[in-house]
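Okay, everybody got coffee? Let me put today's model on the screen, and then we'll go through how its helices pack.

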Amino acid sequence: MSDTKPKKNADLPVRLASAIVMVAIAGAALWLGGIWFDGFVAFVVGACLFEFCRLILRATQNAAIRAVGCILAILYVGAAGLSLANLPVAVLLGVIAVVIATDVGAYFSGRAIGGPKIAPKISPSKTWAGLIGGMILAGLVSGSFFLYNVGEIRFSPMLFLAVLIGSGLAVLAQCGDFFESWLKRKAGLKDSSNLIPGHGGVFDRVDGMLPVAIAALPLWALHPA
């Protein structure tokens, strides 16, 4: 226990520096828009897909499972990238905010409350309290974005629906996180790669975003104008 804490503290400046760089690059690409944002999404999709397939190849020696797994990975990551590249900026910001709120809510409620684990053999740190906390905060963020877009604070069935959607997307984000954790355990790896200093790989950073992005495009398309 005493040996691990200094390592974490020593790694903190690297993690912070990497996080600042990642936010700056993503923010600049989003602000510039057009080909710049499309190129950024293409890079993220390509890097994530490479890491995804690398995990699959390490997780099994079965050629058929490897082939099917990589095909499904292409469809999964490609669908998320297509969604991110086609969502309006306001919706995209809302999606990102919901995923961040899920992580923040899950972290703090899980640490504060603790309790039973969801799947200790896959992700030992995740609890049911954390999931509920992530759902609550994601729902509140989703509702807040809805009120901001409407332009007035008014309770309505649509506001209630926005909160429910945010909470549902939080569950999807956690499922994406669990899936990658399971795959990394199968592959015997802690991180999907070491591309991002202090953070692991691109897949590690967007595992929860992928299923949320896939769901966001049809949800936005079905939303009444």
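So, start with helix H4, residues 89–113, and helix H8, residues 209–222: their axes come within 10 Å and cross at roughly 140 degrees. That angle makes H4 oblique to H8, since roughly antiparallel would need over 145. The handedness of the H4 and H8 crossing is right-handed. Who's touching whom? On the H4 side you've got Val-91, Val-95, Ile-96 and Val-99, and facing them from H8 are Met-209, Val-212, Ala-216 and Trp-220. If you sort that H4 to H8 contact by class, you get 8 nonpolar residues, no polar ones and no charged ones.

Quick reminder before we go on: this is a predicted model.

Now for the other pair I picked. That's helix H5, residues 128–150, with H6, and here the axes come within 7 Å, again crossing at roughly 140 degrees. H5 and H6 are therefore oblique to each other too, and H5 passes H6 in a right-handed crossing. The list of contacts goes like this: H5 brings Leu-131, Gly-134, Met-135, Ala-138, Gly-139, Ser-142, Gly-143, Phe-146 and Leu-147. From H6 come Met-158, Leu-159, Ala-162, Val-163, Gly-166, Ser-167, Ala-170, Val-171 and Gln-174. And what does the contact of H5 with H6 have by class? It has 11 nonpolar and 7 polar residues, with no charged ones. Keep in mind that Gly goes into the polar bin here, and the contact list includes Gly-134, Gly-139 and Gly-143 of H5 and Gly-166 of H6.

Let's stay on H6 for a second, for a sanity check. H6 covers residues 157–187, which is 31 residues, so at 1.5 Å a residue it should span 45 Å; the end C-alpha atoms sit 45 Å apart, which agrees. Right after H6 comes Gly-188, and its phi is positive, near 75 degrees.

Okay, zooming out to the whole chain. How many helices and strands are there? We count 8 helices and 0 strands, so to speak of the pattern along the sequence, it reads α-α-α-α-α-α-α-α. The C-alpha atoms fill a box of roughly 50 × 40 × 35 Å along the principal axes. As for the radius of gyration, a compact globule of 225 residues would come out near 17 Å, and this chain has 18 Å, which agrees.

That's my bit; over to you for questions.

Terms used: Residues numbered from 1 in each chain as written. Predicted model: local features only at pLDDT ≥ 70, side-chain atom pairs only at ≥ 80, totals over all residues. Heavy atoms only, no water. Helix = DSSP H or I, 4+ residues; strand = E, 2+ residues; numbered from the N terminus. Expected span 1.5 Å × (residues − 1). Axes fitted to C-alpha atoms, helices over the stretch in contact; angles between N-to-C directions. Parallel < 35°, antiparallel > 145°, perpendicular 65-115°, else oblique. Left-handed = near helix turned anticlockwise from the far one by under 90°. Contact = heavy atoms within 4.5 Å. Rg over C-alpha atoms; globule rule 2.2 N^0.38 Å.
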